[in-house]
Amino acid sequence: MSFTGEYNNIIDQKNRLSIPAKYRKALDIINDKTFVLTKGFDKCLFLYPLEEWKQVEKQLSSLSTIKGKNRSFIRSIVRYANYLKYDSQGRIQIPENLLNYSCIKKNVSVIGVIKKIEIWDPGTLANFESKTNLLSDDDFDKLADEINF
């Protein structure tokens with residue numbers, strides 16, 4: 001299972017988003033048409049296949065809750081997690097609080113990021129990319145070398 005590519009879409013009046021058919025087809029049957037949607041980083045949303053979300057939960061549960069930072073991190077991810085089954089037309093309904101967090105109004109950029117999907121407001125994404133220079137050419141070369149790209 002792998003999610004790649006970028007798609008432009010819209011949110012309908014009932015806050016539903018159609019998941020690209022390519023992504024639905026990549027979803028293993030074990031996931032039972034179910035995704036988990038939560039807050040992402042950088043003002044986007046993360047959409048995980050159910051089985052991948054179980055791995056995220058496993059990693060989160062390995063953090064010691066004795067440390068306040070860990071508790072806050074776990075809480076900030078899990079409290080916004082919503083289990084969503086897509087309907088017969090491939091749509092999921094995005095909760096209002098997550099739309100507000102991500103500044104999504106109508107237009108949406110849906111980006112496959114291998115094991116998960118990112119959902120962005122296009123303006124927020126463009127602004128983030130124009131202001132954020134997290135990866136220099138040298139960084140790109142080093143990372144590409146690490147994975148023998």
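**View 1. Thr 38, a buried residue in a predicted model.** At 1% relative accessibility, Thr 38 counts as buried, since the cut-off for that label is under 20% relative accessible area. The structure shown here is a predicted model, so please read each view with that in mind. Thr 38 sits in strand 3, which covers residues 34–39.

**View 2. The neighbours of Thr 38.** Leaving aside residues up to four places away in sequence, Thr 38 touches Leu 45, Phe 46, Tyr 48 and Trp 53. Its contacts also include Ile 77, Tyr 80, Ala 81 and Leu 98.

**View 3. The fold around strand 3.** Stepping back, we find 6 helices and 8 strands in the protein chain. Read from the N terminus, their order is β-β-α-β-β-α-α-β-β-α-β-β-α-α. The radius of gyration is 16 Å, close to the 15 Å that the globule rule gives for 149 residues, so the chain is as compact as a globular protein of that length. The C-alpha trace spans about 45 × 40 × 30 Å along its principal axes.

**View 4. Contacts and burial along the chain.** Take the contacts between residues at least 6 apart in sequence: 61% of them join residues at least 24 apart. Of the 149 residues, 38% count as buried, and Thr 38 counts as buried too.

**View 5. The surface and its charges.** The protein chain exposes about 9,500 Å², with carbon and sulfur atoms supplying 51% of that area. For anyone thinking about electrostatics, the chain carries 23 positive and 19 negative side chains. The centres of these two sets lie 10 Å apart.

Definitions and conventions. Residues numbered from 1 in each chain as written. Predicted model: local features only at pLDDT ≥ 70, side-chain atom pairs only at ≥ 80, totals over all residues. Heavy atoms only, no water. Helix = DSSP H or I, 4+ residues; strand = E, 2+ residues; numbered from the N terminus. Rg over C-alpha atoms; globule rule 2.2 N^0.38 Å. Buried < 20%, exposed > 50% of the residue type's maximum accessible area, 1.4 Å probe, protein only. Contact = heavy atoms within 4.5 Å. Areas by Shrake-Rupley, 256 points an atom, 1.4 Å probe, with all protein chains shown as cover. Lys, Arg positive; Asp, Glu negative; His and termini not counted. Charge placed at Lys NZ, Arg CZ, Asp CG, Glu CD.
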